[in-house]
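Dear colleague,

Here is the structure I said I would pass on. My notes on it follow below the entry.

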Amino acid sequence: MVCRQKRNHGCPATMVIDKENDGVIKRLHTHTHDNESLEKKVRIIEEKMIKDSASSFDTPKMIIGNMTSKITSLGGVAATMCMRPYSALANLISRRRQALNQFPPIPKTYQEINVPDHLSKTMDGRNFLINSDTIDNKKCLIFSSDEALQILSESKSWEADGTFKIISDVKLYTQVFIITAQTETGRMIPCVWAFCPTKDKHWYAKVYQVLKAKGVLPPERFSSDFEQS
């Protein structure tokens, strides 16, 4: 993408856009016209949204996408071209969160996995991480709350499915296995989130074993749509 001042002032500034992540990959050349004031405004927006990211559960991709939209509305393409590259913004968001201990670094081994209290407990202090057992040197993380387990136990219909895209950055896990329960009013509520290292059947069995130990058994109507290796 080229600067909109290229035609009138011959500005050579160009940037490469990552359409999938909705952000700037890199900038080529610099603006040859007065752009200092606009760049300062862009930096203010960037810094504020990076600061706010510490208390947000949105992914860096979502935050940078919202940032790009806000900056574009500020000054169009010229403002967008003042943004820092996507990778730089993502790193700044990650560092901000880690500095405040909101989000631990992405682990490279199962031994490095350490779920902090504010992510392993509910807001009223009860357990949300209900399993972190290690099997064959691989750790299965299962999350649910007392309320969610109660909904599961009272539900007459469950659905189970595995999602892969949202966990692609964590190389230790293949999927998040989610169990959803239908309430009496027909609403489908996600109740269990299990981080499975592989698609092997025994990880699904582990989830049901943990639920059984909690006194929660599958209802007569139970549909599933997940892959096995």
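A194 is buried, because its relative accessible area is 0% and the cut-off for buried is under 20%. The model is a predicted one. A194 sits in strand β9, which covers residues 188-196. Setting aside neighbours within four places in sequence, the residues in contact with A194 are L141, I142, Q175, V176, F177 and V207. L129 is 65 residues away from A194 in sequence, yet the C-alpha to C-alpha separation of the two is 9.7 Å.

Overall content and confidence

The protein chain has 229 residues, of which 37% count as buried. Its secondary structure consists of 7 helices and 10 strands. If one takes the contacts between residues at least 6 apart in sequence, 56% of them join residues at least 24 apart.

Mean pLDDT for the protein chain is 83, with 78% of the residues at 70 or more. Among the elements, the lowest mean pLDDT, 51, belongs to helix α1 (residues 6-9). The highest, 96, belongs to strand β6 (residues 141-143).

The α3/α4 pair

Helix α3 spans residues 60-80 and helix α4 spans residues 86-99. They pack at an angle of about 120°, and their axes are 10 Å apart. That angle makes α3 and α4 oblique to each other, and their crossing is right-handed. On the α3 side the contact is made by P60, K61, I63, I64 and M67; on the α4 side it is made by Y86, L89, A90, I93 and R97. Sorted by class, this contact has 8 nonpolar residues, 2 charged residues and no polar ones.

E46 touches residues of both helices' contact lists. E46 itself is in helix α2, residues 36-52. Is E46 buried or exposed? It is buried, because its relative accessibility is 0% and anything under 20% counts as buried. Beyond its neighbours within four places in sequence, E46 is in contact with M67, I71, C82, M83, R84 and L89. M67 and L89 also appear in the contact of α3 with α4, M67 in α3 and L89 in α4.

Helix α5

S120 belongs to helix α5, residues 117-120. With a relative accessible area of 9%, S120 is buried. Residues up to four places away in sequence aside, S120 touches V115, R126, N127, F128 and L129. L129 is also the residue whose C-alpha lies 9.7 Å from that of A194.

Strand β4 and the loop after it

I135 is in strand β4, which consists of residues 134-135. Its relative accessibility is 26%, so I135 counts as partly exposed; the range for that class lies between 20% and 50%. Not counting residues up to four places away in sequence, I135 touches W203 and K206. P197 is 62 residues from I135 in sequence, and their C-alpha atoms are 9.9 Å apart.

The loop between β4 and β5 (138-139) contains D136, and N137 lies in that loop as well. Which sign does phi take in D136? Phi of D136 is positive, near 55°, in a residue that is not glycine. N137, also not a glycine, has a positive phi of about 65°. Most residues other than glycine have a negative phi. Both residues of the loop can be placed by accessibility too: D136 is exposed, with a relative accessible area of 63%, and N137 counts as exposed at 61%.

The loop between α7 and β10

P219 is in the loop between α7 (201-213) and β10 (221-225). With a relative accessible area of 17%, P219 is buried. Leaving out neighbours within four places in sequence, P219 is in contact with S155, K156, S157 and W158. A181 is 38 residues from P219 in sequence, and the C-alpha to C-alpha separation is 9.8 Å.

Regards

Conventions:
Residues are numbered from 1 along each chain as its sequence is written. This is a predicted model: local features need pLDDT of at least 70, side-chain atom pairs count only at pLDDT 80 or more; totals for chains, interfaces and linings use all residues. Side-chain values use heavy atoms; hydrogens and water are left out. Axes are lines fitted to C-alpha atoms, for helices over the stretch in contact, and angles run from 0 to 180 degrees between N-to-C directions. Helices (H or I, at least four residues) and strands (E, at least two) are DSSP runs, numbered from the N terminus. Angles under 35 degrees count as roughly parallel, over 145 as roughly antiparallel, 65 to 115 as roughly perpendicular and the rest as oblique. A crossing is left-handed if the near helix is turned anticlockwise from the far one by less than a right angle, and right-handed if clockwise. Contact means heavy atoms within 4.5 Å. Ala, Val, Leu, Ile, Met, Phe, Trp, Tyr, Cys and Pro count as nonpolar, Asp, Glu, Lys and Arg as charged, and the others, Gly among them, as polar. pLDDT is the predictor's confidence in each residue, from 0 to 100. Buried means under 20% relative accessible area, exposed over 50%, partly exposed in between (1.4 Å probe, protein chains only).
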